[in-house]
Amino acid sequence: MSTIAHSPPADADFSHAALRALLRPQNSPLPPVQALRCLQERGLDNLPLPGHGATLRRWQALAGVAAIDLSVLKLYEGHTDALAILAEIDGPGAPAGSSWGVWCAEMPGARVKLQQTADGRYVLDGRKAWCSGASGLSHALVSCWNAEGQACLASVALSQPGVHVTDEGWHAVGMAACASVDVTFSAARAFPVGAPGAYLERPGFWHGGAGIAAAWYGAACAIASHLHARAQHAAPDPVRLAQLGRIDCALRAAGALLREGAADIDQHPQRDAMALALRLRLTVEDAATLVLQLATRALGAGPLCRDAQFARLAADLPVFLRQSHAERDQAVLGGIVAGAEEHPWGL
């Protein structure tokens, strides 16, 4: 096992030009697993841990990768989140060169079971859905349930005979390349990570959830940049300029809230960040949805049909945004706000 650094190399370059050159050589996108490996080889997966003074830098990296390829981002975010989880709850070290997923979605009526055998080993049994990158990653953190019915987290090596990566459960057009298929476990050797409930109870759970909003934001900015380029080089069009103006307001407001949220997490790393994360996610979701609507209306069919990167982002982002629970999250946030002694608004 190796100790993972939690800061990128001093010469790390997360600029759009550098990431584009790395992830789209000769303007051709790398397969997501290969792209993740390229990011790892350059130490670009060694992101600052959330709540340690550089949360915004971490989110900028997520946004930068998202602006190039959301399927790559899906694997990159899962891998970097896994490293943060292992660090936060004192899990086992990650082997050098290993690539990780975080598979914690729960299907109704289907639970992966964590059981201890007579010789003291732990094994996983059951079926897990939404396993992004399953065919190419080396390890995963998997949510599971012990014999007492407690929610647990376990690490599992994916190359062992007890792990079967299916070709089932993923028919998406958007985000197709991340291949979030079903995986079955049959007495697969596993290692508990933290105490039961620790994964959900740790402060970083909501820090990671907030980081997803940064990824949505990066993809929305990339889509908006196409409209910005058209507005710069085409004859002035009042309707198109109005659409660009609305996009500018939405993205600047969401960006300001992300910067404020990152600073708040760094200042209060142990505080419950549920309300903050929900607010960020809902705000960025609304902004990204608006950008998709207005940019595609303003640009017409051309980029959707003739620009491969724009078309892919426009297809991927609606699928990725559905990680939001939409009105259910709004209701949860509304309940938190309603429970406050005084209204929380004002300058």
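**Salt bridges, a covered helix and empty spaces**

Glu88 has a relative accessibility of 35%, so this residue counts as partly exposed. The value, like the others below, comes from a predicted model. Glu88 is a useful place to start, since it takes part in a salt bridge with Arg202. The closest N and O atoms of Arg202 and Glu88 are 3.0 Å apart. Along the chain the two residues are distant: Glu88 belongs to helix α4 (residues 70-88), Arg202 lies in the loop between α5 (198-201) and α6 (204-233), and 114 residues separate them. Is Arg202 buried or exposed? Its relative accessibility is 8%, and because buried means under 20%, Arg202 counts as buried. The pair therefore joins a buried residue, Arg202, to a partly exposed one, Glu88.

How many salt bridges does a search of the whole structure find? The search gives 10. Another of them pairs Asp182 with Arg127, with 3.1 Å between the closest N and O atoms. This pair also links distant parts of the chain, here two strands: Asp182 is in β7 (residues 181-192) and Arg127 is in β3 (residues 122-131), 55 residues apart. Asp182 has a relative accessibility of 8% and so counts as buried. Arg127, with a relative accessible area of 32%, is partly exposed. The two residues are not an isolated pair, as Arg127, Glu168 and Asp182 are linked in a network of salt bridges.

A further salt bridge is formed where the side chains of Asp264 and Arg271 meet, at 2.9 Å from N to O. Asp264 has a relative accessible area of 23%, which makes it partly exposed. Arg271 is also partly exposed, at 43% relative accessibility.

The next subject is helix α3 (55-68). Why does its length agree with what is expected of a helix? At 1.5 Å a residue, the 14 residues of α3 should span 20 Å, and the end C-alpha atoms are 21 Å apart, so the two values agree. The helix is mostly covered, with 11 of its 14 residues buried. Among the buried residues are Thr55, Arg58, Trp59 and Leu62, as well as the run from Ala63 through Gly64, Val65, Ala66 and Ala67 to Ile68. What do these buried residues pack against? Their partners are α1 (16-23), α4, α6, α7, α8 and α10 (308-321).

Helix α3 also leads to an empty space inside the model. Rolling a probe the size of a water molecule over the atoms shows where empty space is left. The structure holds 1 cavity of 30 Å³ or more, and the largest cavity contains about 90 Å³ of space. Its lining includes Arg58, Trp59 and Leu62, which are among the buried residues of α3. The other lining residues are Pro50, Glu77, Thr80, Asp81, His207, Gly208, Gly211 and Ile212. Three helices, α3, α4 and α6, each supply at least two residues of this lining. The largest share comes from α6, with 4 residues. Sorted by class, the lining of the cavity has 4 nonpolar, 4 polar and 3 charged residues.

Pockets are open spaces, unlike a cavity, from which the probe cannot get out. About 1,300 Å³ of space lies in the largest pocket. It is lined by 48 residues, and those closest to its centre are Lys74, Cys104, Ala105, Tyr199 and Gln323. Which helix gives the most to this lining? The answer is α6, with 6 residues. Helix α6 thus also has the largest share in the lining of the largest cavity. By class, the lining of the largest pocket has 29 nonpolar, 11 polar and 8 charged residues.

The second largest pocket has a volume of about 480 Å³. Of its 19 lining residues, Glu260, Ala275, Leu276, Arg279 and Pro344 are the closest to the centre. Two or more residues of the lining come from each of α7 (238-267), α8 (274-299) and α11 (327-338). The largest share is that of α7, with 5 residues. Here the lining is made up of 11 nonpolar, 3 polar and 5 charged residues. Two of the helices named here, α7 and α8, are also among those that the buried residues of α3 pack against.

Definitions and conventions
Residues numbered from 1 in each chain as written. Predicted model: local features only at pLDDT ≥ 70, side-chain atom pairs only at ≥ 80, totals over all residues. Heavy atoms only, no water. Salt bridge = Lys/Arg side-chain N within 4 Å of Asp/Glu carboxyl O. Buried < 20%, exposed > 50% of the residue type's maximum accessible area, 1.4 Å probe, protein only. 1 Å grid on protein atoms, 1.4 Å probe; cavity = no way out; pocket = protein on both sides within 12 Å on 5 of 7 lines; lining within 4 Å. Points joined across faces, edges and corners; volume = space filled by probe spheres on them. Nonpolar A, V, L, I, M, F, W, Y, C, P; charged D, E, K, R; others polar. Expected span 1.5 Å × (residues − 1). Contact = heavy atoms within 4.5 Å.
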